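Please explain how this chain is put together, taking the nonpolar interior and the sheet in turn. Keep it plain.

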Amino acid sequence: MEKIEHKTVSTNGINMHVASIGSGPVVLFLHGFPELWYTWRHQLLSLSAAGYRAIAPDLRGYGDTDAPPDASSHSILHIVADLVGLLDALGIEPDRVKALVNLSVVFRPRNPKRKPIQSLRAIMGDNYLYVQKPGEVEEEFARAGAARIIKTFLASRDPQPPLVPKEIGFGGSPNLVLIYRRLSYTLNLNSKSEEVTDVICDANLRWKIKRDKKKMRTWELTAAWTGVQIKVPVKFIVGDLDITYNTSGVKEYIHNGGFKRDVRFLQELIVMEGVAHFINQERPEEISAHIYDFIKKF
């Protein structure tokens, strides 16, 4: 871990923290919610040892990368522009992407007739709107405890969607498993600081929650890309205990031809047994091998 280098790159009007190691062809690792570059620590070491330059940034709003206070500055277009600027700063042409390995969350095309919130309501029910009301979910998170919430996200192995009855709230969650140590980040909820010890988390969760509320805005901004295809070879890996894999309709979409129809360059599909959502940390060696075996072809 001590061999991993850290630096700050100026891109798209923000300062982005970037972790990197190795030399050779670039492999860019992008984390999800609620993570940081650190989620890829095992893959950084493995792929760099295999002759690659492994790079993992903290995305906009996470960790040591800037988090603009305006929620409208967290659309998907901002994130893409951040990454294009990062590639420019590294001397890499964005159109030279040769392959994509995607973990856990399956690609779904933009629906031009239905907004994301409407789609989620159709799957989850009206309770999903509970997290759309400004301040309400932040209050619940603060009541339950920031560390507990983050551990719930990261340690859950329940393949069912995390629907929490409003009358129970997050404070009624069962005991949680401690999964990270020697890391401390400050979580800001409702302008109150809470020191989160022994857990890796989004240091700006308040803004990430607000960014999720901008799904409708992202939907509107991406209208011009409706129907656009991924034009590089793709490998998709998911765990059979993953909530996203067990969400209504997803298995049918993946295995009955819908996924292949929408991602025509899909070459490999892997469903790992006994694994939940954060598979790159739960099975680090296997995921590193899957990535290497695929990208070495290109």
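Which residues have the most contacts inside the largest nonpolar core? The model is a predicted one, and in it this core has 34 residues. Those with the most contacts inside it are F29, W37, L44, L86 and I287. The elements that give two or more residues to the core are strands β2 and β4 and helices α1 (41-49), α2 and α12 (284-295). In soluble globular proteins, nonpolar side chains tend to be buried together.

I287 can be followed further. Leaving aside residues up to four places away in sequence, I287 touches Q43, L103, I237, M272, I279 and N280. Apart from the largest core lies another one, of 11 residues. Among its members are V106, F236, Y253 and F259.

Next comes the sheet. Four strands form an open sheet in the order β1-β2-β4-β3, and their pairing is mixed. At the edges are β1 (5-11) and β3 (26-28), each of which pairs on one side only. On average, neighbouring strands of this sheet are turned by 30° against each other, direction ignored. Helix α2, residues 76-89, packs on the sheet and touches β1, β2, β3 and β4. The direction of α2 makes about 115° with that of β1.

Within the sheet, β2 (residues 14-21) and β4 (residues 53-57) run antiparallel and are joined by four bridges. I21 stands opposite A54 in β4. Strands β2 and β4 also link this part of the description back to the interior, as each gives two or more residues to the largest core. Helix α2 likewise gives two or more residues to that core, and it packs on the sheet.

Note on methods: Residues numbered from 1 in each chain as written. Predicted model: local features only at pLDDT ≥ 70, side-chain atom pairs only at ≥ 80, totals over all residues. Heavy atoms only, no water. Pairing = 2+ DSSP bridges. Axes fitted to C-alpha atoms, helices over the stretch in contact; angles between N-to-C directions. Contact = heavy atoms within 4.5 Å. Core = buried A, V, L, I, M, F, W, Y, C linked by side-chain atoms within 4.5 Å. Buried < 20%, exposed > 50% of the residue type's maximum accessible area, 1.4 Å probe, protein only.
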